[in-house]
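Open the model in a viewer and keep the sequence panel visible. The stops below go from one selection to the next.

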Amino acid sequence: MDFVSPSIELTAFNCPHCKAFSHQIWNSVHASQIFSQNKPSSTLYHNFRFPFISNEPEEVCTHTVINLMISLCYNCKGLSIWVYDRMVFPFQEKAPPANTDMPDEIRQIYNEASSILHLSPKGAAALIRLALQKLIIHLGYKGKNLNEDISELVAKGMKTEIQMSLDIVRVMGNNAVHPGKINLSDDQDTALSLFKILNLITEELITQPKKVSETYNSLPEESRKAIEKRGKSDNERDG
């Protein structure tokens with residue numbers, strides 16, 4: 001199932017605590033006056049764990065807190081705190097997790113971009129474009145001109161979906177934004193799309209060939225030799 005980013009408009013999404021796609025129970029927040037010398041009791045902070053919900057009823061509720069809500073994950077019971085439409089706890093990477101086959105250097109950039117997405121979508125998008133450039137270089141292409149790299153990939157039989165994904169990245173960058181540079185028109189939706197596209201390209205160009213190779217290598221040696229022999233015969237006949 002696709003990753004679903006947490007949103008104030010949803011009743012189910014991937015929990016920022018347990019990462020599972022789970023139903024979310026929304027709660028409003030109310031404030032009660034503290035009467036003991038007009039300051040919090042020190043007992044509140046003993047073995048304090050944030051956040052938590054007390055099951056002890058309050059005698060007086062003096063205020064309803066507007067635009068502050070808590071979502072409770074049905075799966076792990078983890079709490080998330082929201083101010084208006086923004087999750088403020090935990091500091092949530094709203095982007096999907098990086099593909100585990102992504103090269104380490106690129107995954108580090110991806111994770112850094114994910115960590116700042118809620119604060120700076122423009123900065124996150126710039127980092128993802130940089131990660132994409134490095135991924136293209138990792139795959140053996142120049143990584144200087146996306147149009148040229150797309151042409152090379154097409155010539156080598158790249159899937160239409162990957163070509164379209166790369167073209168989306170190019171067009172989203174207004175054809176002129178260099179990797180790692182800020183595009184002032186980028187917003188959070190644009191950045192999230194770039195995260196998904198980078199994962200898709202990694203899946204198609206790294207993960208799938210890896211799985212095929214692993215499956216092939218798991219075949220009995222005699223079967224592999226027969227396949228290789230047939231391949232050589234086909235090449236000689238074509239030549």
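Select strand 3 (residues 63-73) and strand 4 (residues 79-83) in this predicted model. The two run antiparallel and are joined by five bridges. On strand 3, find M69, which stands opposite W82 in strand 4.

Now widen the selection to the sheet. It is an open sheet of five strands in the order 1-2-3-4-5, with antiparallel pairing. Strand 1 and strand 5 (86-89) stand at the edges with a single partner strand each, so one side of each has no neighbour in the sheet. On average, neighbouring strands are turned by 45 degrees against each other, direction ignored.

Go back to W82 and show the aromatic side chains. The whole structure holds four aromatic pairs. In one of them, the ring centres of F13 and W82 are 6.2 Å apart and the planes are at 55 degrees, so this pair is tilted. F13 belongs to strand 1 (residues 12-14) and W82 to strand 4, so the pair ties together parts 69 residues apart in sequence. Both F13 and W82 are buried. Add W26 to the selection: ring pairs link F13, W26 and W82 into a cluster.

Next, select Y74 and K77. K77 lies over the face of Y74, 4.6 Å from the ring centre.

Last, move to the helices. Which residues touch the most other members of the largest nonpolar core? They are Y110, L166, F195 and L198, out of 31 residues in that core. Elements giving two or more residues to this core include helix 1 (104-116) and helix 5 (188-217). Centre on F195: beyond its neighbours within four places in sequence, its contacts include A95, P96, Y110 and I128.

Note on methods. Residues are numbered from 1 along each chain as its sequence is written. This is a predicted model: local features need pLDDT of at least 70, side-chain atom pairs count only at pLDDT 80 or more; totals for chains, interfaces and linings use all residues. Side-chain values use heavy atoms; hydrogens and water are left out. Rings of Phe, Tyr and Trp (its six-membered ring) pair if their centres lie within 6.5 Å; planes under 30 degrees apart count as stacked, over 60 as edge-to-face and the rest as tilted. Helices (H or I, at least four residues) and strands (E, at least two) are DSSP runs, numbered from the N terminus. Buried means under 20% relative accessible area, exposed over 50%, partly exposed in between (1.4 Å probe, protein chains only). A charge sits over a ring if NZ of Lys or CZ of Arg is within 6 Å of the ring centre and within 35 degrees of the ring normal. A nonpolar core is a set of buried Ala, Val, Leu, Ile, Met, Phe, Trp, Tyr and Cys residues joined through side-chain atoms within 4.5 Å. Contact means heavy atoms within 4.5 Å. Two strands pair if DSSP finds at least two bridges between them. Axes are lines fitted to C-alpha atoms, for helices over the stretch in contact, and angles run from 0 to 180 degrees between N-to-C directions.
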